[in-house]
Amino acid sequence: MVNWILDFLTGRPQSVRIGNSISNTTTLSTGAPQGCVLSPLLFTLLTHDCVAQCTMHSSNHIIKFADDTTVLVFLIRKMAIFSVYVVNKAGGLIYQYDNYVPRTEVEKTFSFPLDIVLKIHDEKVVVSFGQRDGIRVGHAVLSINGVDVNGKYTTEGKEILEYLKDPSNYPVSIRFGRARLTSNEKLMLASMFHSLFAIGSQLSPEVGSSGIEMLETDVFKLHCFQTLTGIKFIVLADPRQSGVDALLRKIYEIYSDFALKNPFYSLEMPIRCELFDQNLKSALEVAEKAGTFGTGS
């Protein structure tokens with residue numbers, strides 16, 4: 001049976017005729033005869049495993065064409081809520097949660113000498129010149145030869161820059177990417193936004209401005225909701241994410257129910273309440289799937 005099918009699929013000549021002109025004959029090495037009853041069955045058998053594997057991921061959609069070996073896979077980038085920050089009225093960060101942090105990382109093997117320039121910045125080794133192959137200026141060294149680094153040091157305690165100056169350590173595989181923000185950096189950024197919020201209110205031509213409600217970039221939007229008591233709830237989301245205004249008010253509601261009503265919680269202090277964490281995560285999941293909590297943009 002196998003030999004019969006193999007003979008059926010191989011050695012098939014084909015030519016193209018346009019008017020009175022006929023092309024040279026060529027022998028096909030792929031595909032199945034069009035209009036043949038056996039062709040759809042063979043195609044289904046060929047692509048069966050591909051369907052079983054790809055459909056394990058909900059973001060993948062497969063479109064198949066009968067009697068053809070073409071399979072198109074569409075990777076659909078879902079809307080996402082990246083982070084949630086809660087800032088008290090004094091500008092202190094009292095809560096932060098990273099819901100989804102996309103990371104663009106590049107790993108490349110280098111020979112000596114290294115053809116990019118590295119420097120130490122904020123206790124990290126970063127690229128300062130020579131971006132190439134997806135490696136960008138500002139990217140930090142995340143690992144060397146598959147082993148994560150610790151700031152500006154290798155796991156053996158050696159300085160990364162000194163390690164990369166030694167020709168005997170080459171070839172070397174280096175993974176680059178944007179380093180995660182440290183706790184101190186998050187505290188500093190929260191304080192800076194608090195100041196910008198106040199400046200925005202002062203610059204308003206009208207009295208009683210609400211301050212900054214949204215900042216927009218090409219890859220994310222920052223949404224801010226300030227309560228009457230001065231607590232700021234900040235959400236970083238995909239620019240296409242809808243319903244963020246309603247989500248901010250939902251987070252305020254969760255804060256009121258599971259933080260303020262907690263007898264062990266002190267006002268203006270960091271939020272460490274398990275029920276607050278659980279309900280916040282549930283609210284973010286609902287927002288990402290449905291796109292809204294009701295009215296709001």
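## Phe-233 and its partner

Let's start with a ring tucked inside this predicted model. Phe-233 has a relative accessible area of 1%, so it falls under the 20% limit and counts as buried. Tyr-252 has a relative accessibility of 29%, which makes this residue partly exposed.

Now look at the two rings together. The centres of Phe-233 and Tyr-252 are 5.6 Å apart, and their planes meet at 45°. That angle is neither under 30 nor over 60 degrees, so the pair is called tilted. Phe-233 belongs to strand β17 (residues 232-237), while Tyr-252 sits in helix α5 (residues 244-260), so their pairing ties together parts that are 19 residues apart in sequence.

## A cluster of rings

Which residues do ring pairs link into a cluster? They are Phe-225, Phe-233, Tyr-252, Tyr-255 and Tyr-265. You have already met two of them, Phe-233 and Tyr-252.

## A pair between two strands

In total, the model has 8 aromatic pairs. One of them joins Phe-110 and Phe-176, with 6.1 Å from centre to centre and 80° between the planes, an edge-to-face arrangement. Try finding both rings in the structure: Phe-110 is in strand β9 (residues 105-110), and Phe-176 is in strand β14 (residues 172-177). This pair links distant parts of the chain, 66 residues apart.

Are these two rings buried or exposed? Both Phe-110 and Phe-176 are buried.

## A charge over a ring

Finally, here is a contact of another kind. Lys-232 lies over the face of Phe-197, at 4.8 Å from the ring centre.

Technical notes
Residues numbered from 1 in each chain as written. Predicted model: local features only at pLDDT ≥ 70, side-chain atom pairs only at ≥ 80, totals over all residues. Heavy atoms only, no water. Phe/Tyr/Trp six-rings, centres within 6.5 Å; stacked < 30°, edge-to-face > 60°. Helix = DSSP H or I, 4+ residues; strand = E, 2+ residues; numbered from the N terminus. Buried < 20%, exposed > 50% of the residue type's maximum accessible area, 1.4 Å probe, protein only. Lys NZ or Arg CZ within 6 Å of the ring centre and 35° of its normal.
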